[in-house]
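Subject: Structure handover

Hi,

Here is the structure I said I would pass on. Have a look at it first, and then read my notes below.

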Amino acid sequence: MFDLAPVSLWIEDYSSVRALFEQWRRVGVTDVKSFLATNPDRVRQCSQRIRVLKVNRKTLTLFGARDLEHLMANLDQVLRDDTFSSHIEELAQLWDGQTSFSSHTVNYTLTGERLDIQLHGTILPGHEQNWDRVMIAIEDVTEREHTRRRLIDSESYAFGLFAHSPVSLWVEDFSGVKRLIDDVRRRGVEDFRVFTDVHEEFVPRCMGEIRVLDVNSRTLELFGAPDKDTLLRNLSSVFRDEMKPHFREQLVDLWDGKLFQQREVVNYTLDGTKLHLLLQFSVLPGRERDWSLVQVALTDITARKKAEAYLEYLGTHDVQTRAFNRSFYVDELNRLERKGLQPVSIIVADINDLRAINDKLGQVAGDALLRRAGEVFESLVEKPASIARIGGDEFAVLLPGTDAAGGEAVLHTLAELIELNNQYYPDVELSISVGLATSQPGERLEQVAKRADQNMLQVKQLYQL
């Protein structure tokens, strides 16, 4: 049975090891583990005192030996490197009076291949006094350990991707959200969007059911959090205001079975800075039934949104004066004609002497006068009224829902603002010629603008006299 056993078996004589232990005890050694660890030669001394008496066929096959003599002649190749620390553990167990010992260690075949082994040693019955018969059973666990190491490497790789991702990653538990949605479905609700319109409290209730399990370092950096606990304690500061309608749409998609989603959202850093983010939401594979594990990836697109907003601003505004530009003015004129408040009053204004100031004082002085005019007009009216720079020195004010009397009141305010502006800039006077016209029933606004322009030109001619 020994020779045919399916595991590697060794019969060994440990009596000389026992004698060495007794010698060490007599000189006062008490902690054999520390005693051996501080001097590797003592471990080798113990190993050299072990005599291998017999091995079975499985042992010869496992280590690639022809016979016992071949194995013993090359035992230094079998027991090396990683075996040092594990052998100390085995010896320490015997030192403490145990009649059996075990360890997880590494041996090597005679051709140099690594073997992960599980070793179990037992002093055979009747030999407890002198340890002259010890059976060692070696189980080859190389494949299992190789799989375990690969799993550890895989987990380490996955964690590295998560921890050091350049985008903000969140791992969350949405199982509470799913229970609430399933409960609504069981109640017979078919139109979830209408349900959330009627029951507005349902959306924040779902938000309260989300459990954040982990976040990566980019998340802490993005939201200005010193650590994960600080961030999780202040989630109400992060997810607020514009987040509610975004989250409602996320819930509608989940209701419709969309377990992967992508949308632009708004969050806030812990210091209140607004963040525009691209959110990618995914229920992880295997968790589709309960949504207990989802990943949320947030990419910061704040800079892109600012650039888009600035480009949009440039498309409708005059950068120098911050008024709307002529393109906006034409579009707004058409919009007001289709569905604007009636009547519409239009003021056309022209800066006096701008060319002369450019010629006399230079372009810088002329640009400064334009900016002053922009400041005046910016203070003149509020929405739905609008002001546009429609030419080099020409501005137009659109006043929807304003009759002639209202238009005259705006002209009076404009004169006061110009006078106040000149008090702040006494060196160069700001002077503006203006013309007002108010729409008549059925009149095209283009014609109203022309009348306002003609009225402005009449005023300008009087100024130039």
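What follows is a run through the helix packing, the aromatic rings, the backbone oddities and a polar patch. Keep in mind that this is a predicted model.

**Helix packing**

Let's start with helix 1 (residues 15-26) and helix 7 (residues 83-95). Their axes are 11 Å apart and the packing angle is about 70 degrees. Angles of 65 to 115 degrees count as roughly perpendicular, and helix 1 and helix 7 are therefore roughly perpendicular to each other. On the helix 1 side the contact is made by Val17, Phe21, Trp24 and Arg25, while helix 7 brings Leu91, Leu94 and Trp95. Sorted by class, that contact of helix 1 with helix 7 has 6 nonpolar residues, 1 charged residue and no polar ones.

The other helix pair to look at is helix 17 (326-339) with helix 21 (residues 445-464). Here the axes come within 9 Å and cross at roughly 125 degrees, which makes helix 17 oblique to helix 21. Tyr329, Leu333, Leu336 and Glu337 of helix 17 meet Leu445, Glu446 and Ala449 of helix 21. The class split for the contact of helix 17 with helix 21 is 5 nonpolar, 2 charged and no polar residues.

**Aromatic rings**

The structure holds 16 aromatic pairs. One of them is Phe174 with Phe281, an edge-to-face pair with 5.0 Å from centre to centre and 65 degrees between the planes. It links distant parts of the chain, as the two residues are 107 residues apart. Phe174 is in the loop between strand 6 (168-173) and helix 9 (175-186), and Phe281 is in strand 9 (residues 274-283). How accessible are the two? Phe174 has 1% relative accessibility, so it counts as buried, and Phe281 is buried too, with a relative accessible area of 0%.

Phe195 and Phe202 make another pair: their ring centres are 5.3 Å apart and their planes are at 80 degrees, so this one is edge-to-face. Both Phe195 and Phe202 are buried.

Then there is a cluster in which ring pairs link Phe21, Trp24, Phe35, Trp95 and Trp131. You will recognise some names from the helix packing: Phe21 and Trp24 come from helix 1, and Trp95 comes from helix 7.

**Backbone oddities**

Which residues other than glycine have a positive phi? Trp131 is one of them, with phi near 60 degrees, and Trp291 is another, with phi near 55 degrees. Trp131, the one in the ring cluster, lies in the loop between strand 4 and strand 5 (134-140). At 6% relative accessibility, Trp131 counts as buried. Trp291 is placed in the loop between strand 9 and strand 10 (294-300), and with a relative accessible area of 5% it is buried as well.

There are also cis peptide bonds to check before you set anything up. The bond from Gln342 to Pro343 is cis, with omega near -5 degrees, and Pro343 is found in the loop between helix 17 and strand 11 (344-351). Lys383 and Pro384 are joined by a cis peptide bond too, with omega at about 10 degrees. Pro384 lies in the loop between helix 19 (363-380) and strand 12 (386-389).

**A polar patch**

Last comes Glu145, which is placed in helix 8 (residues 142-163). Is Glu145 buried or exposed? Its relative accessible area is 5%, so Glu145 is buried. Not counting residues up to four places away in sequence, Glu145 touches His104 and Asp116. Asp116 is 29 residues from Glu145 in sequence, with a C-alpha to C-alpha distance of 6.7 Å. The side chain of Glu145 also has a polar contact of 3.4 Å with the side chain of Arg144.

His104 turns up again with Gln118, a residue of strand 4 (residues 114-123). The side chains of Gln118 and His104 make a polar contact at 3.3 Å. Leaving aside neighbours within four places in sequence, the contacts of Gln118 are Ser103, His104, Ala137, Ile138, Glu139, Val141 and Arg144. Arg144 and His104 are thus names you meet from both sides: Gln118 is in contact with each of them, Glu145 touches His104, and Glu145 has its polar contact with Arg144.

Cheers

Conventions: Residues are numbered from 1 along each chain as its sequence is written. Side-chain values use heavy atoms; hydrogens and water are left out. Axes are lines fitted to C-alpha atoms, for helices over the stretch in contact, and angles run from 0 to 180 degrees between N-to-C directions. Helices (H or I, at least four residues) and strands (E, at least two) are DSSP runs, numbered from the N terminus. Angles under 35 degrees count as roughly parallel, over 145 as roughly antiparallel, 65 to 115 as roughly perpendicular and the rest as oblique. Contact means heavy atoms within 4.5 Å. Ala, Val, Leu, Ile, Met, Phe, Trp, Tyr, Cys and Pro count as nonpolar, Asp, Glu, Lys and Arg as charged, and the others, Gly among them, as polar. A polar contact is a pair of N or O atoms within 3.5 Å; within protein, one must be able to donate a hydrogen and the other to accept it, and residues adjacent in sequence count only if both atoms are side-chain atoms. Rings of Phe, Tyr and Trp (its six-membered ring) pair if their centres lie within 6.5 Å; planes under 30 degrees apart count as stacked, over 60 as edge-to-face and the rest as tilted. Buried means under 20% relative accessible area, exposed over 50%, partly exposed in between (1.4 Å probe, protein chains only).
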